[in-house]
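The following report concerns one protein structure with a bound ligand. It treats unusual backbone positions, the ligand site, and the internal spaces in turn.

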Amino acid sequence: MSLKTSEPLSIVVVGASGDLARKKIFPALFALFSQDLLPDDFKAFGFARSVMDDDGFRTSIMEHLTCRYVPGEDCAAKMDAFLARCHYISGDYSSSDSMLDLYQTMQAHETTDMVNRLFYLAIPPSVFIATAESLGAAGLVACDDGSPWSRGVVEKPFGRDRASSDELAAALGLVFTERQIFRIDHYLGKEVIQNLLVLRFSNAVFEPLLNCEHVAEVHIDWSENLSLEGRAGYFDKYGIIRDVMQNHLLEMLALLAMDQPQNLTAAAIRKSKVNLLKSIAPPELEQLVTGQFSAGELDGREYAAYTADKDVPDDSLTPTYAAVRLHVDNPRWKGVPFVLSAGKGLASRCTNIRVRFKQKGGGIFELHDSKLANNELVIRVQPDEGIHLSIVTKIPGLGMKLGAHDLDLSYGRVFKDSIIPDAYEGLLLDVLRGDRSLFISGEELSAAWDIFTPALHQLEQKAVRPQPYPFGGIPPELP
Ligand code: BG6
């Protein structure tokens, strides 16, 4: 089946002068355009507060476009052709007059009324509701009755807890129906994470072992060796649990631990994930540890403490690190700890899922080596994508010496001729094709908030002080 859709398309990126739009959305659109995966009649409209003309806007997005799919001399021409389809309108997010300006500009460039419209809300949470309302008031969003369609793409943070998320959902729901909304968690677009379903449900060897009979524990670890890179104002209101754990890490957990969906439809996959999320008990504070980075040194560079950032109050209690031990309360995973950790200002940038299997006891080789290593399945999400299974093997040579070694599916080596797409490329293409399997349903979002809302409220009510750890150093340990 062709991945390309053919109907005329307008993509509106609200918040077009921000980082997300410039560094992720437009480069992904260009990557799709370069591969001829966008409709022939396609236009993009950037909308934001900054005052710019089309040329200024084109220059601002051009610096992040890459020639990965059209290397060589053809790239410049491709970029010109892409940028010629990009237009910019400046205005106020909450003003329906500004949205009417946007509408008029769109109509001036569109070649037909029968045009599909995608609205990507790449805006700060504070203007989310006002923007949706003004888009609705200006009549830009067609009703949900088929063709041509209007769809809205939104990205976390979806609120700060269950109640504010519900509030946001209700406000968005006045403009976009649930079928029209595509909630992005960009981790679901990452290549290795998309492989989780294939790995689990198309191999005979993994699925029978992924349960409490064989698994000792599961770790999902996420780390960044960066500071806040200009995002401290946002981050301080949210913290690492809301920024990363409640969404990216829980999604990985759900895909790893859910039961096999009935089929590959979005409805079936989302149902399996929701069932799994609903069986995770909200953690008590004792199952959680939080940290905040202090000044430190990494790779010869000095880093200031989190609270030294001009956008962070000196007495901020916002965690930049958290670890939690979760339990999935169903027969399949009874007693298996799922340990999630996420932190900024750590020694490296790395995301791993590690499944540690129980030790093989009572086997004939115990006599040779009483400490047989546990098998471990490591799914390396980034960097250096790969899937590794550590096994016990005989070390070549005379006599029977055993050791643990890896069966190694390193993407860089095995798929060296493939380009690993950026997560946003696949996700945007799926929105155009109307495939919701990699997007978060309203029910899933609520289930994810239900897991962390009680602990988040308690941390705030009790003013729990995160434990300091030096930038690039060792974060606090779970009790
Ligand atoms: C975002 C978080 O969702 O993911 C950021 O808000 C984080 O804080 C980013 O840096 C990480 O994404 P990636 O794709 O670089 O791992």
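Proline 383 is located in the loop that runs between β14 (376-382) and β15 (386-394); strands (E, at least two residues) and helices (H or I, at least four residues) are DSSP runs, numbered from the N terminus. The peptide bond leading from glutamine 382 into proline 383 is cis, with omega near -15 degrees. The model is a predicted one, in which local features need pLDDT of at least 70 and side-chain atom pairs count only at pLDDT 80 or more, while totals for chains, interfaces and linings use all residues. Residues are numbered from 1 along each chain as its sequence is written, and side-chain values use heavy atoms, with hydrogens and water left out.

A cis peptide bond also joins lysine 156 and proline 157, where omega is about 10 degrees. Proline 157 is placed in the loop between β5 (150-155) and α6.

**Positive phi values**

Phi of glutamate 229, a residue other than glycine, is positive, near 45 degrees. This glutamate belongs to the loop between β7 (215-223) and α8. Glutamate 229 is exposed, at a relative accessible area of 53%. Here buried means under 20% relative accessible area, exposed over 50%, and partly exposed in between (1.4 Å probe, protein chains only). Alanine 463 likewise has a positive phi, near 45 degrees, and is not a glycine. Its loop lies between α12 and β17 (467-470), and alanine 463 is partly exposed, with a relative accessible area of 43%.

**The ligand site**

Which residues are around the ligand? They are Lys156, His186, Tyr187, Lys190, Trp222, Glu224, Arg231, Asp243, His248, Lys344, Arg349 and Gln382, where a residue is near a molecule if one of its heavy atoms lies within 4 Å of it. Lys156 and Gln382 are thus among the residues around the ligand; lysine 156 is joined to proline 157 by a cis bond, and glutamine 382 to proline 383 by another cis bond. By class, the shell comprises two nonpolar, three polar and seven charged residues. In this classification Ala, Val, Leu, Ile, Met, Phe, Trp, Tyr, Cys and Pro count as nonpolar, Asp, Glu, Lys and Arg as charged, and the others, Gly among them, as polar.

Side-chain atoms of tyrosine 187, aspartate 243 and glutamine 382 lie at the following distances from oxygen atoms of the ligand. A polar contact is a pair of N or O atoms within 3.5 Å; within protein, one must be able to donate a hydrogen and the other to accept it, and residues adjacent in sequence count only if both atoms are side-chain atoms.

| Residue | Distance from its polar side-chain atom to a ligand oxygen atom |
|---|---|
| Tyrosine 187 | 2.4 Å |
| Aspartate 243 | 2.6 Å |
| Glutamine 382 | 2.7 Å |

On its own, the ligand has 400 Å² of accessible area, and the protein covers 83% of this. Accessible areas come from the Shrake-Rupley method with a 1.4 Å probe; for residues, only the protein chains shown count as cover.

**Cavities**

The structure holds three cavities of 30 Å³ or more. On a 1 Å grid over the protein atoms alone, a cavity is a set of points where a 1.4 Å probe fits but cannot get out, and a pocket is an open set with protein on both sides within 12 Å along at least five of seven lines; lining residues have an atom within 4 Å of a point. Grid points are joined across faces, edges and corners, and a volume is the space filled by probe spheres set on the points.

The largest cavity has a volume of about 160 Å³. Its lining consists of 18 residues, with Phe158, Gln246, Asn247, Ile440 and Leu445 nearest its centre. Two or more lining residues come from each of α8 (232-257) and α12 (442-461), and α8 gives the most, with six. Ten of the lining residues are nonpolar, three polar and five charged.

The second largest cavity, of about 50 Å³, is lined by Phe158, Ser165, Leu168, Ala169, Leu172, Arg183 and Leu445. Phe158 and Leu445 therefore appear in the linings of both cavities. Helix α6 (residues 162-173) provides the largest share of this second lining, four residues.

**The second largest pocket**

The second largest pocket has a volume of about 430 Å³. Of its 18 lining residues, Gln194, Leu197, Leu264, Ile269 and Leu438 are the closest to its centre. The largest share of the lining, five residues, comes from α7, and the lining as a whole has ten nonpolar, five polar and three charged residues.
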